[in-house]
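Hi,

Here is the structure I promised to pass on. Have a look, and then read on for what turned up in it.

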Amino acid sequence: MAKARVRKRGLVEHTRHFFATWSAESRAHLQDAHISVSLLFVVAGALIGLTAAAFSDASQQVEDWQQAWAERDIRLAWVVMPLGLTLVVLLVRVFFDGTAGSGIPLLSVGIELQDGDPNFVRVFSLRILFGKILLTLLAQLCGASSGREGPTVQVASILLVTTLRVGYRLLPWVRQTLDLQIGEGLGTYRSLYMREAAVVGSAAGISGAFNTPLGGIIFAIEEMGNRYTHTLGHVMIIAVAVAGAVSIAVEGYHVIFDGFDQDRDDLNEYEILWVVPLVAIPSGLLGGLWAVGLLLGVHVKRLLLAYGCFAPYAISLACGLALAATGFWTGGETWGSGFRQARAGLVPELEGV
């Protein structure tokens with residue numbers, strides 16, 4: 001009986017010692033820079049997923065509103081589009097400098113900046129985040145050919161950088177570990193994580209915007225190049241996975257062009273394999289020509305901007321009139337992001353849905 005009590009007391013002591021040791025090791029483990037920062041990446045990934053889902057719903061709703069006013073009286077386009085795009089340019093130049101463009105080119109420049117650089121702070125600020133969402137939706141309401149995917153990438157990067165900044169300011173153990181030196185002449189962990197947070201955030205944004213986690217990971221690896229490390233790979237996968245999971249949890253899993261039946265029994269993939277080069281080669285050529293056209297447009301815009309401060313407004317007014325004219329001629333098919341038109345081309349029975 002006494003031996004049994006001794007064995008029971010020994011088991012209790014062993015269990016208590018195990019949990020005490022495990023708790024101490026866990027607390028110590030959480031003090032590690034990579035683990036503590038990884039928790040911030042989880043939080044940021046969840047915020048990115050929620051934001052991407054909300055942005056997607058808002059964008060679709062705004063495009064429905066744009067289609068509604070265009071169907072009510074298509075002649076409104078001659079007023080709404082020139083004045084609306086001019087208003088967008090005014091808001092960009094006065095209140096939201098740094099929100100121009102799709103967001104990805106500016107992000108590519110921001111990635112090369114160092115933490116603490118005034119331009120880095122300007123590019124990755126909450127003002128730019130709210131402005132990017134607001135102006136994208138306003139442009140879509142006016143009928144501009146702008147989508148939410150590029151802006152979502154920039155918004156996601158800003159969210160991740162902001163989360164790291166807040167964690168650095170509010171959590172002492174994060175601040176202590178991020179201030180550690182990586183090595184002689186290599187800077188601190190803070191500079192490392194802040195610099196790469198833009199790329200990891202963009203990957204999470206792609207995951208949340210397109211429901212394509214693998215696409216986000218590949219994008220980040222390409223952008224990181226020789227800066228890709230084992231640690232950054234871990235936090236990137238964490239952020240991308242959480243962002244994708246939260247986006248799916250909010251919106252539900254869906255393909256981009258839902259309703260397209262790709263499992264038809266009467267189609268043999270080997271018999272229609274010839275379609276691949278027939279579609280891929282012209283599509284690649286058209287995509288390249290489109291990119292060259294955009295670069296040419298940017299060059300022309302820079303030349304015109306040299307003529308004075310009113311040049312941007314004249315350009316936006318002219319673009320609005322051209323947009324109204326093309327849409328008036330095609331019955332509104334050139335307005336909006338193009339998602340509705342592409343979906344109708346793939347699934348004609350869903351046109352107008």
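First, a term: contact here means heavy atoms within 4.5 Å. Helices are DSSP runs of H or I with at least four residues, numbered from the N terminus. Bear in mind that this is a predicted model, where local features need pLDDT of at least 70 and side-chain atom pairs count only at pLDDT 80 or more, while totals for chains, interfaces and linings use all residues. Residues are numbered from 1 along each chain as its sequence is written, and side-chain values use heavy atoms, with hydrogens and water left out.

Now helix 3 (residues 77-94) and helix 13 (residues 311-330). Their axes (lines fitted to C-alpha atoms over the stretch in contact) come within 8 Å and cross at roughly 150°, on a scale from 0 to 180 degrees between N-to-C directions. From helix 3, the residues that meet helix 13 include Trp 78, Met 81, Leu 85, Val 89 and Arg 93; on the helix 13 side, Tyr 313, Leu 317, Gly 320, Ala 324 and Phe 328 are among them. By class, this contact has 16 nonpolar, 3 polar and 1 charged residues. For the classes, Ala, Val, Leu, Ile, Met, Phe, Trp, Tyr, Cys and Pro count as nonpolar, Asp, Glu, Lys and Arg as charged, and the others, Gly among them, as polar.

Helix 3 also packs with helix 6 (126-142). Here the angle is about 170° and the axes are 9 Å apart, which makes helix 3 roughly antiparallel to helix 6 (over 145 degrees). Val 80, Gly 84, Leu 87 and Leu 91 are among the helix 3 residues involved, and they face a helix 6 set that includes Leu 135 and Cys 142. That contact has 10 nonpolar, 1 polar and no charged residues.

What does helix 12 (275-305) meet in helix 13? Lys 301, Leu 304 and Leu 305 of helix 12 meet Ala 311, Pro 312 and Ile 315. That gives 5 nonpolar, no polar and 1 charged residues.

Lastly, the largest pocket holds about 2,200 Å³ of space. (On a 1 Å grid over the protein atoms alone, a pocket is an open set of points where a 1.4 Å probe fits, with protein on both sides within 12 Å along at least five of seven lines; lining residues have an atom within 4 Å of a point. Points are joined across faces, edges and corners, and the volume is the space filled by probe spheres set on them.) Of its 42 lining residues, Ala 100, Gly 101, Ser 102, Val 298 and Lys 301 are the closest to the centre. Helix 12 gives the most to the lining, with 9 residues.

Cheers

Notes:
Helices (H or I, at least four residues) and strands (E, at least two) are DSSP runs, numbered from the N terminus. Angles under 35 degrees count as roughly parallel, over 145 as roughly antiparallel, 65 to 115 as roughly perpendicular and the rest as oblique.
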